[in-house]
Amino acid sequence: ASQSLTSESKSQLSQLPEPKRLSFPDTSSRPTKAVPFQLPTQVISFSYTPEHVQEFTNSALRYFSEPPLGAQLGYGYERWIRRPEERGRIDSLLKAFDRVKNEGKSPVSLDDIGVVSWRGVMTRILTAPYEDQDGWEMNVMFVNGTMYLEEHLTEAKLHEKYVFYSLGVLVFVTEALTHRNNMEPRHRKFMYYGYAFESFCTSEKPPDSGPAKSSSSTALHPTAPTGWGGDIDTNVQWCSVVRTKLGDIRLVIGGEVDCVRGKYTGNTDTFVELKTSIVIRNEQSEAKFEKKLLKFYFQSFLLGVPEILVGFRTVSGQLSTTQSFKTIEIPRMVRGKLGAWDPAICLDWGYQFLTFLKDTVTKGDPENVWRVKFLPKRGVHVTRLDSAEVAVVENGEERKGILPFWYWARIRA
Ligand code: A3P
Ligand code: MG
Ligand code: MG
């Protein structure tokens, strides 16, 4: 069992003096001055093996290959190897950051980094002005001038995901009980369609390296349809770590990259993000898609991914068409539309958010862990966690708050 940030008891949160609240921008008016965002530069990449072990190779890198239209995205569902849900720790990102810093091989300076986080957390922050449904929480530490951010999954959320991801039998039992639970297995299937699309779109080998799309290392299942790139194992991931800048704040961001088009250059220029979405049938579903593009856009933008390939599928998971979007052109495409959004509002908000957060956390000690809570349409508030709530040992590994102890010892030495 882990001693970690588990207690949700509000009474244990020590209240702070000002400032601790930040309310939302009015999304109907454009900021007068745009906050610049620097083109991201890759500083290091790494892979996760099927055992989900991090290694500093490109073994999990995949190459784009045109998917066959009409493909069934439910193919191979029963053989899906699913990675268990876990806390959004930044340990492997810190390993990569530490490695590139100490090897001194980074193409750009890694001094004065203001923020280290996974791309998913940054996407949540930047898209918050338009988020009117899902709240989120994160944990923050501020050490030697750098803020470390991690997603905070509440016990309730972890449990919900656990049940949701459980064995078919358990889900089947709850499915019979209520209409609401009926949604869950369907949702899981939709999620699988996304991964199956990735398989149909990728190959382990670069183009023109031989006729076989699939690999020597992983044999294809005998029933594999044309274009199938191999069965889904969500343990396996290829990640890119980039350095960029929002206003005057330098950021180190890590995230998964789906594949590269053509060849891998060691930078972000051939990266491709793969997405699935339901086919657009009317104005309403078009507006819905345009709203979704906000997340697609920032998810890709933050890592410098220049292309997003969307596979439009039917409700039953058949691939109808694909469309490639140039990431930087997306904001112009949605301007003036029903589901319109403005990235300038997001960047301005993101800068305000990080500045506010820094102003708050500088008032504490490096050991402190801070909890940020976001409420849709309302804003965010920050509290400092009681030291009793902060992890000391987790899964047998010593920690200092949200940081693994080895990393803490290194930067505090
Ligand atoms: P699609 O979004 O294409 O349907 P990513 O697109 O980020 O590379 O993630 C690959 C797939 O993982 C997604 O495919 C989706 O099926 C699933 N996925 C990723 N993040 C998810 C989330 N927060 N909730 C549910 N499914 C998610
Ligand atoms: Mg992905
Ligand atoms: Mg994707």
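Here are some questions and answers about how features of this predicted model get their labels.

Q: Why is Glu150 called buried?
A: Its relative accessible area is 3%, and buried means under 20%, so Glu150 gets the label. You'll find Glu150 in strand β7, residues 146-151.

Q: What makes the pairing of the Glu150 and Arg89 side chains a polar contact?
A: The two side chains come to 3.0 Å. The cut-off is a pair of N or O atoms within 3.5 Å, one able to donate a hydrogen and the other to accept it, so the Glu150–Arg89 pair counts.

Q: Which residues surround ligand 1?
A: Met191, Gly194, Tyr195, Glu198, Asp258, Glu273, Leu274, Lys275, Thr276 and Gln299. Helix α5 (183-201) and strand β12 (271-278) each supply at least two residues of that shell.

Q: How do you know that the shell around ligand 1 has three nonpolar residues?
A: Met, Tyr and Leu count as nonpolar, and the shell includes Met191, Tyr195 and Leu274. The rest of the split is three polar and four charged; Gly counts as polar, so Gly194 goes with the polar group.

Q: Which polar atoms lie by an oxygen atom of ligand 1, and how far away?
A: A polar side-chain atom of Glu198 is 3.3 Å from a ligand oxygen, and one of Lys275 is 2.7 Å from a ligand oxygen. Thr276 brings a polar backbone atom, with 2.6 Å to an oxygen of ligand 1. As for cover, the protein takes up 64% of the 530 Å² of accessible area that ligand 1 has on its own.

Q: What makes Asp258, Glu273 and Leu274 donors to the magnesium ion (ligand 3)?
A: Asp258 (OD), Glu273 (OE) and Leu274 (O) sit at 2.0 to 2.2 Å from the ion. Donors are N, O and S atoms within 2.8 Å of the metal, so these oxygens qualify. Along the chain, the donors follow the spacing D-x14-E-L.

Q: What links the magnesium ion (ligand 3) to the magnesium ion (ligand 2)?
A: Asp258 coordinates both, and the two ions are 3.5 Å apart.

Q: Why can you say that Asp258 and Leu274 tie separate parts together?
A: Asp258 lies in the loop between β10 (249-256) and β11 (259-260), while Leu274 is in strand β12, so the pair joins parts 16 residues apart in sequence.

Q: Are Asp258 and Leu274 buried or exposed?
A: Asp258 has 10% relative accessibility and Leu274 has a relative accessible area of 4%. With the cut-off for buried at under 20%, Asp258 counts as buried, and Leu274 is buried too.

Definitions and conventions. Residues are numbered from 1 along each chain as its sequence is written. Chains are lettered from A and ligands numbered from 1 in the order in which they are written. This is a predicted model: local features need pLDDT of at least 70, side-chain atom pairs count only at pLDDT 80 or more; totals for chains, interfaces and linings use all residues. Side-chain values use heavy atoms; hydrogens and water are left out. Helices (H or I, at least four residues) and strands (E, at least two) are DSSP runs, numbered from the N terminus. Buried means under 20% relative accessible area, exposed over 50%, partly exposed in between (1.4 Å probe, protein chains only). A residue is near a molecule or strand if one of its heavy atoms lies within 4 Å of it. Accessible areas come from the Shrake-Rupley method with a 1.4 Å probe; for residues, only the protein chains shown count as cover. Donors are N, O and S atoms within 2.8 Å of the metal (3.2 Å for Na, K and Ca); water is not among the atoms, so sites may look incomplete.
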